[in-house]
Structures are given as C-alpha cells and as structure tokens.
Amino acid sequence: MDTKKLQKKYLPLTESAYYVLISLNKPRHGYGIMQHVNEITAGRINIGAGTMYGNLSRMEKEGLISPVAEEDRKKIYELSEKGKTVLELEISRLEELLNHGKTEMGK
Amino acid sequence: MVVKMKEEKTVWRMWGGWEIEKMENWLEEMEMEGWALYKFDFTMMRFKFKKSESRKARYCFDYQSNVGDDYYGIFQEDGWELVDETISPWHIWRKPYQDNRPGIFTDTRSLVERNNRQIRNITLAAIISLILLYIEWITGLSYAGIIPILLIFSLIFYAYLITRIHQHNKKLKNNAIKC
C-alpha cells in the first residue's frame, strides 16, 4: 500500500490508538500496554479494558500489529511493518502540526 | 415489578441499547444500597440481586458476540469481574473503586463501536425476518395468519431499535467534538 492510501485510511490516529502503537514497538500484552501508557503519561491517559481490546482486535485485523505469542489467556502483540509505517507517518504529521504551531506562535 | 425475598430481590426492567449509561448508573446505585447484581436473563430484562455490603462499584456493559480468551484476560487483569456468564452478547463488568470512577471505554470511538455491534446483530435479525416474510409470501401459507403479522411487527421493532441506537451514536460523536 502506498503512503497516500495509508494516510487516508489510518490518519489521524486516536490518542488511544497512537499510544497502543508506540507501546508495541516492544512486544506487550493488552494489560501491559495499559500500564505502560499510564506510566509514560504520568496517569494522564488511562486506556480502558474495552477500548484496549477493541483497538487490539481492530489493529490485528488491519495487520498493523501481529500476535507473537500467547501465554495464559494473554495474547502478546508487536508492531508489524505496516504498523510501523503508519506510526512513522503519524509522527511526521504530528511533528508538522507542532512545528507550525511553534512558528506561528513565534516560539 | 419488584419481588422481595429475604436476601435476594428480582427486578424487571425494560430498556434499550441507547440507555446503557442509565442502566449502568442504576446498578451502581443498587450496589450502593447494598444490592449486588449476580444474574441477568430474559433478554436482559430480569435482574437478580443479592444482599451485600454497600460499596462503590462501577458497572459497565459491553456487547460482544464472539471474543477470544484474551478478552477476559485483559478485563480481569484490570480488576473487572464478569457479573454472570451467559450466552447473551451482553457482558456486564463490575469493579469496586474509591475515588476515580473507572470505565471500560475511555474514548468515544470504542463506545460507538460497541453500539455498532448491536446495530449489526439487529440488522441480521431483521434480514432473517424479511427472508421469512418473503417465504411466507411466495408459498402463500398462512398468509392471513399470525406469523406474517408477528414478522411485520418485529421488523418495525428492529427499525425502531436501530434508529434509537443510531441517534445515540450521533449524540456521542457530537459530544466528542470540543470546539
């Protein structure tokens, strides 16, 4: 899939989707992602269990993440190549937003 | 209708998929009054409670027809307890809390997706009713009978449910737009 198509289909990511994807740069399971996101955002973002499950099953179906292992009722996921590309596109989109804000506000 | 027994009580409630928040709040109030839900059935209209200690507990409704083991894993690790194991797609989760009221859906998208899962199943039921109605019509069997009338009523009912849930989704999406 080319860049244009990926951008049109997936961007902008929701805040939860963004944090799920960046957390899966390392293999993690659902609850592990919830804890990690809570930690790195100092409690600002709490992803609920239902939102977590919804994101994981949608992203798996879309091939953005892939299951790498399963241990006692826990599915462990990791970012796929496609997921990595989408995440990189989103990060450059966010960088552009941030840079525009800084330039326009004279910082 | 409330049937009171010694340490248990049963409450019947009619509700629709667009009133989930109201139902969740009601169960939370019941738990505060010392009535903990332990069973629900009859197409989610009959709720059975056991006398228990009053406590703050959040109730959340999910609608899932087909989930894997990891679904339960994520919820349980996060401290949610499944109130009752049923074959119904409705899953009621409960979690006691102190200060911050927890929830299973923390963004609008996942709430809307849950409601869309309801719409999908109702649509499926409507299609089945339509097919049955069509079979009735081409075979001419019991055309004036009770079955076509029931099917037509169920179709009207399904259309009503879908419209209400759809309107509710629109409201959720509008509320999510902050500026």
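How many salt bridges are there between domain 1 of chain B and domain 2 of chain B? Hold that thought for a moment, everyone, and thanks for coming. One caution before we start: this is a predicted model.

The count between those two domains is one salt bridge. It pairs D62(B) with R117(B), and their closest N and O atoms are 3.1 Å apart.

Let me put that pair in its setting. Chain B is divided into domain 1, residues 2-96, and domain 2, residues 108-176. Taken over C-alpha atoms, the centres of the two domains are separated by 25 Å. Where they meet, 11 residues of domain 1 of chain B are in contact with 10 residues of domain 2 of chain B. Between them, the two domains of chain B bury about 940 Å², with 54% of that area on carbon and sulfur atoms. And which three residues supply the most on the domain 1 side? They are G17(B), W18(B) and Y63(B), which supply 66% of the area that domain 1 of chain B buries against domain 2 of chain B, more than any other three residues.

Now, on to the pockets. The largest pocket holds about 640 Å³ of space. Its lining has 24 residues, and the closest to the pocket centre are W15(B), T43(B), W90(B), F157(B) and L161(B). Why does the largest pocket lie between the two domains of chain B? Domain 1 and domain 2 of chain B both give residues to its lining, so the pocket lies between them. If you want to find the walls on your screen, look at β3 (35-41), α3 (108-139) and α4 (146-176) of chain B, each of which supplies at least two lining residues. Of the elements, α4(B) gives the most, with five residues. As for character, the lining of the largest pocket divides into 16 nonpolar residues, seven polar and one charged.

The second largest pocket has a volume of about 440 Å³. Of the 13 residues in its lining, the closest to the centre are S57(A), K61(A), Q64(B), R117(B) and R120(B). You'll recognise R117(B) there, our salt-bridge partner of D62(B). Two elements give two or more residues to this lining: α4 (49-61) of chain A and α3 of chain B. Here α4(A) gives the most, with five residues. Domain 1 and domain 2 of chain B each add at least three residues to the lining of the second largest pocket. How does this lining divide by residue type, and how many are charged? There is one nonpolar residue, with six polar and six charged.

With chain A in the picture, let's finish at the contact between the chains. It takes 23 residues from chain B and 20 residues from chain A. Together the chains bury about 1,800 Å², 52% of it on carbon and sulfur atoms. In chain B, the residues that lose the most area to chain A are D70(B), I74(B) and E77(B), together accounting for 34% of what that side buries. The count between chain B and chain A is two salt bridges. R58(A) forms a salt bridge with E113(B), and the closest N and O atoms there are 3.0 Å apart.

So, to recap the places to look: D62(B) with R117(B) for the salt bridge inside chain B, and R58(A) with E113(B) for a salt bridge across the two chains. Thanks for listening, and do pull up the model while we chat!

Notes:
Residues are numbered from 1 along each chain as its sequence is written. Chains are lettered from A and ligands numbered from 1 in the order in which they are written. This is a predicted model: local features need pLDDT of at least 70, side-chain atom pairs count only at pLDDT 80 or more; totals for chains, interfaces and linings use all residues. Side-chain values use heavy atoms; hydrogens and water are left out. On a 1 Å grid over the protein atoms alone, a cavity is a set of points where a 1.4 Å probe fits but cannot get out, and a pocket is an open set with protein on both sides within 12 Å along at least five of seven lines; lining residues have an atom within 4 Å of a point. Grid points are joined across faces, edges and corners, and a volume is the space filled by probe spheres set on the points. Helices (H or I, at least four residues) and strands (E, at least two) are DSSP runs, numbered from the N terminus. Ala, Val, Leu, Ile, Met, Phe, Trp, Tyr, Cys and Pro count as nonpolar, Asp, Glu, Lys and Arg as charged, and the others, Gly among them, as polar. Domain bounds come from an automatic or database domain assignment. Contact means heavy atoms within 4.5 Å. Buried area is the accessible area (1.4 Å probe) that two parts lose on being put together, summed over both. A salt bridge is a side-chain nitrogen of Lys or Arg within 4 Å of a carboxyl oxygen of Asp or Glu.
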